[in-house]
Amino acid sequence: MLTEDILLPEDGSWIAIVPLGNDSFIQNDYTQDCLIRFGALSTSYGSVFQSGDTIIVNETVYVRARNGIKPDTVGSLKVTR
């Protein structure tokens, strides 16, 4: 398994997390909540992905900071594939 830290863009744009195998574990290790959604063409606002939460996915998901990265925010998304 490979674990990597992914930093979210400060401007609040969506980033894609693509699984490389069967399942990917994504943990919100930020001190703030994020948004997560499925589907590149989705117009959904996204579901709240709270600080400390972990989700297991087997398809590409899109994640962004809820209202942009706040100046005092620390952490990253930890993705294990």
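**View 1. Leu-35 and its bridge partner in a predicted model.** In this close-up of the structure, which is a predicted model, Leu-35 has Arg-64 as its bridge partner, and Arg-64 belongs to strand S7. The wider setting is the pairing of strand S4, made of residues 34-38, with strand S7, made of residues 61-65, and these two strands run in the antiparallel sense and are joined over five bridges.

**View 2. The open sheet that contains S4 and S7.** Four strands make up this open sheet, and following the order S2-S7-S4-S5 the reader finds antiparallel pairing. Strand S2 (15-17) and strand S5 (47-49) lie at the edges with a single partner strand each, so one side of each remains without a neighbour in the sheet. From one strand to the next, the twist in this sheet averages 40°.

**View 3. The open sheet that contains S3 and S6.** Another set of four strands forms an open sheet, here in the order S1-S8-S3-S6, and the pairing is antiparallel. Its edge strands are S1 (3-6) and S6 (54-57), each of which pairs on one side only. The twist in this sheet averages 20° from one strand to the next.

**View 4. Phe-25 and the residue opposite.** Strand S3, which covers residues 24-28, pairs with S6 in the antiparallel sense, and four bridges link the two strands. Within this view, Phe-25 stands opposite Ile-56, a residue of S6. As background for reading such views, strands of a sheet pair through backbone hydrogen bonds, and the pairing may be either parallel or antiparallel.

Key. Residues are numbered from 1 along each chain as its sequence is written. This is a predicted model: local features need pLDDT of at least 70, side-chain atom pairs count only at pLDDT 80 or more; totals for chains, interfaces and linings use all residues. Side-chain values use heavy atoms; hydrogens and water are left out. Two strands pair if DSSP finds at least two bridges between them. Axes are lines fitted to C-alpha atoms, for helices over the stretch in contact, and angles run from 0 to 180 degrees between N-to-C directions.
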